[in-house]
Amino acid sequence: MFRFRSLFFLACPLLLLVQCSKKSPAAETVINNPPPAPPPPVKPYQLVWSDEFNIDGLPDSTKWGYDVGGNGWGNNELEYYTNARPENAVVKNGNLVITAIQEHYAGSNYTSARLLTKGKAQWSGGKFEIRAKIPRGIGTWPAIWLLSATNPLVWPDDGELDIMEEVGFNPNVIYGTAHNKMYNGAQGTQKGGNITIPDAQDSFHVYTLEWTNSQIIWSVDSTQYFTYSDPGYGYNAWPYSYDFFLILNIAIGGNWGGQHGVDTTIFPQQMLVDYVRVYQRK
């Protein structure tokens with residue numbers, strides 16, 4: 001084969017030799033027209049709702065309402081949740097401040113606040129980020145959570161998603177939990193996990209829940225610690241295809257928070273919320 005190619009080029013005229021030495025048209029195309037750069041990645045989420053708590057005073061009434069009363073809230077809690085009372089809920093210095101106070105009020109020995117977006121903002125899926133610092137002390141039970149907007153609500157059938165819970169007798173252990181008819185706290189079958197954040201009572205952390213069509217993921221400061229996936233049993237185990245609203249509160253005592261009593265020397269106690277941000281897929 002080598003000898004044949006040598007004979008061919010000896011017989012080739014000089015002009016043909018020059019033409020043969022040129023680069024092929026294909027090679028010219030590659031050099032002069034490199035492939036286009038890949039498109040930038042598409043961000044999977046966009047911000048659809050938020051409260052940055054930048055205006056001092058009562059919480060924004062276009063975004064937040066209140067649960068009011070001292071009826072135990074199904075958990076034998078001891079506080080009375082007040083309505084638009086700045087002693088219990090106020091925006092100050094860039095934070096929402098929820099304060100639990102030991103005081104006699106409307107037949108209860110404690111007051112607190114339970115803010116919610118029900119009827120103002122509700123979501124089916126998305127990514128929820130809340131940057132907060134939680135209270136301390138035995139008897140406190142702070143929570144950041146989502147509850148089904150179904151009316152009338154049937155609990156636990158219609159679902160609950162706890163983005164962050166902590167009980168003061170087990171400090172700095174953060175719990176994320178899913179409740180539904182098949183798996184719930186009333187039966188001790190709830191699906192959840194926990195993570196220890198050593199300074200949760202002293203510093204702000206970002207508590208995140210990412211909720212898709214088939215999976216719910218809990219994280220703190222971008223560290224994932226629990227995932228609940230649709231087990232395929234229908235509404236009884238996955239009622240999370242409908243609207244839910246957000247709740248922020250501090251409970252006192254109760255079936256879980258009060259298991260070791262209430263330390264009456266710790267009050268007042270506060271949960272500070274720097275921001276609440278809700279994202280949904282584009």
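Two strands pair if DSSP finds at least two bridges between them, and strands themselves are DSSP runs (E, at least two residues), as helices are (H or I, at least four residues), numbered from the N terminus. With that in hand, look at strand 8 (residues 126-133): 7 bridges tie it to strand 17, and the two run antiparallel.

Before I go on, the ground rules. What you have on screen is a predicted model, where local features need pLDDT of at least 70, side-chain atom pairs count only at pLDDT 80 or more, and totals for chains, interfaces and linings use all residues. Residues are numbered from 1 along each chain as its sequence is written, and side-chain values use heavy atoms, with hydrogens and water left out.

So how confident is the predictor? pLDDT is its confidence in each residue, from 0 to 100; the mean over the protein chain is 89, and 85% of the residues reach 70 or more. The weak spot is residues 1-32, where pLDDT is below 50, and beyond near neighbours in sequence that stretch makes 4 contacts in the model. A contact here means heavy atoms within 4.5 Å. Where pLDDT is low, the predicted coordinates should not be read in detail.

Now the overall picture. We have 3 helices and 17 strands. The chain has 282 residues, and 46% of them count as buried; buried means under 20% relative accessible area, exposed over 50%, and partly exposed in between, with a 1.4 Å probe and protein chains only. Of the contacts with a separation of 6 or more, 70% are between residues 24 or more positions apart.

Back to strand 17, residues 269-281. Besides strand 8, it pairs with strand 1 (residues 45-51) through 6 bridges, antiparallel, and with strand 5 (residues 95-105) through 5 bridges, also antiparallel. If you want anchor points to click on, W49 stands opposite V278, F128 has V278 as its bridge partner, and T99 has Q270.

Let me zoom in on Q46, which sits in strand 1. How far is its C-alpha atom from that of Y279? They are 5.2 Å apart, although 233 residues separate the two along the chain. Leaving out residues up to four places away in sequence, Q46 touches V278, Y279, Q280 and K282. Q46 is partly exposed, with a relative accessible area of 37%.

Next, the other sheet I want to show. 7 strands form an open sheet in the order 2-7-16-9-10-11-12, with antiparallel pairing. Strand 2 (65-66) and strand 12 are the edges, each pairing on one side only. As a reminder, strands of a sheet pair through backbone hydrogen bonds, either parallel or antiparallel.

Strand 10 is worth a closer look. On one side, 5 bridges join it to strand 9, with A143 opposite E165 and L146 opposite L161. Strand 10 is also joined to strand 11 by 4 bridges, again antiparallel, and E160 has H179 as its bridge partner there. Is strand 10 buried or exposed? 6 of its 6 residues are buried, so it is largely enclosed by the rest of the structure.

On strand 11 we find T177. T177 is buried, at 8% relative accessible area. Its contacts, not counting residues up to four places away in sequence, include E160, L161, D162 and E165, along with W218.

Last stop, the pocket. On a 1 Å grid over the protein atoms alone, a cavity is a set of points where a 1.4 Å probe fits but cannot get out, whereas a pocket is an open set with protein on both sides within 12 Å along at least five of seven lines; lining residues have an atom within 4 Å of a point. Grid points are joined across faces, edges and corners, and the volume is the space filled by probe spheres set on the points.

The largest pocket comes to about 800 Å³. It is lined by 35 residues, and N75, W141, W145, W155 and E160 lie nearest its centre. Which strand gives the most to that lining? Strand 9 does, with 5 residues. Strands supplying at least two lining residues each include strand 7 (114-116), strand 10 (160-165) and strand 16 (244-252). By class, the lining has 14 nonpolar, 14 polar and 7 charged residues. For the classes, Ala, Val, Leu, Ile, Met, Phe, Trp, Tyr, Cys and Pro are nonpolar, Asp, Glu, Lys and Arg are charged, and the others, Gly among them, are polar.

Conventions:
pLDDT is the predictor's confidence in each residue, from 0 to 100.
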